[in-house]
Amino acid sequence: MNLFFDYENKFINLLQSLQKQKLIVLPKNVNSLRVDLPPKGNSCDISYNAAMILSKMNNRDTIEFGNFLKKHFLNKFKEFEKIDVANVGFLNISFKKNFWEKQMNQIIKLNNKFGFNKYKKNKYNIEFVSANPTGPLHVGHCRGAVLGDVLSNLLKFNGNSVIKEYYVNDYGEQIKYFVKSVYCRILEITKNKNFPTDQNLYPGDYIIDIAKQIIKSKKIRDFNNFEKIYKKLSADSLKYSIKLIKKNLLSLGIDHDIFVYETNLVNKKLVNKTINKLQKQKYAYYGVLKAPKGEVSENWKPRNQLLFNSTKFGDDTDRALKKIDGSWTYFANDIAYHSHKVDRKFTKLINVLGSDHAGYIKRITAATNAISNNKTELFCKVTQLVKLLKNGQPYKMSKRKGDYITIEDLINEVGKDSIRFMMLNRSNEVELDFDFEKVTEKSKDNPVFYVQYANARINSIFRTLKIDINKKFKTSNENLNLNQNEIEILKKISEWPKCVYISTNKLEPHRIVYYLYDLATIFHSYWNMGNENKNLRFIINNEIKKSSLMLLKSLSIVINNGMKILGVSLPERM
């Protein structure tokens with residue numbers, strides 16, 4: 001049920017019927033004909049651009065052609081009260097009141113399926129967070145974590161199959177330094193040796209916690225020879241670090257379906273197999289790269305090396321697959337990882353990346369196109385930085401865990417709900433100011449509170465009337481006599497399926513946050529009118545109109561569906 005798309009289809013059917021009667025001419029592609037919201041200040045319900053788009057090819061004056069269409073539309077659609085033809089060629093359509101009553105019935109019948117859009121479903125793999133497994137997650141990971149999780153919820157809501165994946169970069173120098181840090185802490189605890197001042201080591205208290213857990217497990221009894229115990233110590237250190245990361249994610253309401261380890265892919269020779277395949281396809285070759293832009297020519301030493309033909313797929317330059325020492329580059333390992341995704345038959349891949357990875361998009365997109373023969377789409381969503389503010393100033397919280405602010409710190413300060421909602425309060429493409437004052441105050445300036453408070457007010461009415469809001473709700477075919485304010489709220493409610501559709505297609509869940517805040521604002525505004533005019537109150541003389549009860553139930557359905565997608569709780573009392 002999507003008011004806008006439903007009428008787009010109905011209108012196209014009517015226009016095609018008029019074409020068969022040789023009354024009008026239509027273009028082969030009718031995608032530019034759109035049903036949309038009317039411009040602000042216009043009292044109509046929906047707007048259609050048919051006269052503007054079609055008048056020229058039909059060799060007719062825009063207004064005259066609009067009036068011609070108006071006659072046929074009013075004859076066909078009995079639910080239309082009136083149609084005004086705007087100068088630019090829009091048909092501004094107003095529904096009869098009983099149309100909105102039928103809308104409410106449909107919304108209530110659909111309940112938690114309201115907003116679901118019927119279209120081709122896909123099998124998605126969403127990889128997000130994927131932080132180096134060297135310690136707890138920090139604020140820098142938070143925005144991408146929330147974006148990836150809510151994207152998953154959004155795609156699932158629309159019937160897609162979704163796997164939430166975490167790629168564990170457990171191969172490389174940073175892991176060696178991490179394990180060495182744990183080892184030094186173990187020696188500090190067991191042999192009273194001072195922790196080294198090496199800047200490459202990790203100093204946080206969490207390293208001490210991991211060291212204590214390894215000592216307690218007694219799986220390693222002799223810590224005298226680092227090289228001898230490295231393999232076992234590395235496995236245990238990573239196990240406890242991943243356990244900590246999973247705990248951080250769960251506290252944020254995030255539970256990945258699968259963790260893929262880079263070391264496993266390397267040990268299975270998947271990198272070799274993938275690069276060999278690219279060589280056979282002539283997408284990998286031996287050649288010499290030009291000096292990077294800005295590189296001083298005398299410092300650049302050209303050499304023959306194995307390259308990926310990235311430019312063939314739209315990248316700016318070809319990319320190295322092997323280092324000077326003959327080992328694989330990080331990019332080669334990443335190609336193998338994406339080959340692993342393609343082999344698992346996902347139709348669409350989504351990577352949620354930090355702002356420092358924006359320059360990586362072209363090459364990994366090119367690689368995915370190459371290994372899938374352009375059959376698997378990769379979408380990269382980059383999250384910009386989050387600035388923590390308090391009293392309008394940059395806010396530095398406790399850094400007990402190391403040299404950064406952890407997700408645990410942030411949750412303890414403001415709670416999971418505020419974090420999840422506010423991390424989507426701006427498009428992921430722009431920087432986000434996270435203001436501690438706003439997210440903790442109980443006012444309209446705190447969007448998450450405002451939406452939750454709308455739900456609490458709705459629940460308070462049902463409690464007062466001793467009606468269980470969660471029980472199956474009886475609809476009504478009687479004339480409900482909706483007032484104009486109630487119709488305006490219903491108009492906004494009817495936008496919900498379109499909001500879900502656009503958010504899904506554009507992979508932009510921040511639109512859900514905007515919509516819910518706007519809906520809550522309209523509701524609270526109407527609630528406050530009751531303080532001035534008793535006739536506009538929901539409960540009058542301990543009774544409620546059927547129309548008001550159905551409206552509140554419809555509101556509750558949308559708010560619950562929206563907040564479930566966002567992974568934010570809805571208290572019944574506030």
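This report walks through a predicted model of a protein, from its overall build to a few of its helices and salt bridges.

## The big picture

Let's start with the whole protein. The chain has 574 residues, and buried ones make up 51% of them. Its secondary structure comes to 20 helices and 17 strands. If you draw a box around the C-alpha atoms along the principal axes, that box is roughly 85 × 60 × 40 Å.

How do contacts relate to distance along the sequence? Take the contacts between residues at least 6 apart in sequence: 72% of these join residues at least 24 apart.

## Helix H17, mostly under cover

Now have a look at helix H17, which runs over residues 484–494. It is mostly covered, with 8 of its 11 residues buried. Which ones are they? The buried residues of H17 are Glu486, Ile487, Ile489, Leu490, Lys491, Lys492, Ile493 and Ser494.

And what does the covering? The elements over these buried residues include helix H1 (3–20), helix H4 (97–110) and helix H20 (546–566), along with H18 and H19. Lys491, one of the buried residues of H17, also takes part in a network of salt bridges with Asp45 and Glu488.

## H18 and H19, side by side

Two of the helices that cover H17 also pack against each other. Helix H18 spans residues 496–506 and helix H19 spans residues 510–532; their axes are 8 Å apart and meet at an angle of about 160°. Angles over 145 degrees count as roughly antiparallel, so H18 and H19 are roughly antiparallel to each other. Their crossing is right-handed.

Which residues make the contact? On the H18 side you'll find Trp496, Cys499, Val500, Ile502, Ser503 and Lys506, and these meet Arg511, Ile512 and Tyr515 in H19. Sorted by type, the residues of this contact divide into 6 nonpolar, 1 polar and 2 charged.

Arg511 has another partner too. It forms a salt bridge with Glu508, and the closest N and O atoms there are 2.7 Å apart. Is Glu508 buried or exposed? Glu508 is buried, because its relative accessible area of 16% falls under the 20% cut-off. Arg511, with a relative accessible area of 30%, is partly exposed.

## More salt bridges

Side chains of opposite charge can pair when their charged atoms come close. How many salt bridges does the model have? The count comes to 24, and a couple more are worth a look.

Glu188 pairs with Arg185 in a salt bridge, with the closest N and O atoms 2.8 Å apart. Both residues lie in helix H6 (residues 173–191), 3 residues apart, which is about one turn of the helix. An α-helix has 3.6 residues a turn, so residues three or four places apart point the same way. The two partners differ in cover: Arg185 is buried, with a relative accessible area of 9%, whereas Glu188 is partly exposed at 27%.

Glu64 forms a salt bridge with Arg60, and here the closest N and O atoms are 3.1 Å apart. Glu64 counts as partly exposed at 37% relative accessibility. Arg60 is partly exposed as well, with a relative accessible area of 25%.

Definitions and conventions. Residues are numbered from 1 along each chain as its sequence is written. This is a predicted model: local features need pLDDT of at least 70, side-chain atom pairs count only at pLDDT 80 or more; totals for chains, interfaces and linings use all residues. Side-chain values use heavy atoms; hydrogens and water are left out. Axes are lines fitted to C-alpha atoms, for helices over the stretch in contact, and angles run from 0 to 180 degrees between N-to-C directions. Helices (H or I, at least four residues) and strands (E, at least two) are DSSP runs, numbered from the N terminus. Angles under 35 degrees count as roughly parallel, over 145 as roughly antiparallel, 65 to 115 as roughly perpendicular and the rest as oblique. A crossing is left-handed if the near helix is turned anticlockwise from the far one by less than a right angle, and right-handed if clockwise. Contact means heavy atoms within 4.5 Å. Ala, Val, Leu, Ile, Met, Phe, Trp, Tyr, Cys and Pro count as nonpolar, Asp, Glu, Lys and Arg as charged, and the others, Gly among them, as polar. A salt bridge is a side-chain nitrogen of Lys or Arg within 4 Å of a carboxyl oxygen of Asp or Glu. Buried means under 20% relative accessible area, exposed over 50%, partly exposed in between (1.4 Å probe, protein chains only).
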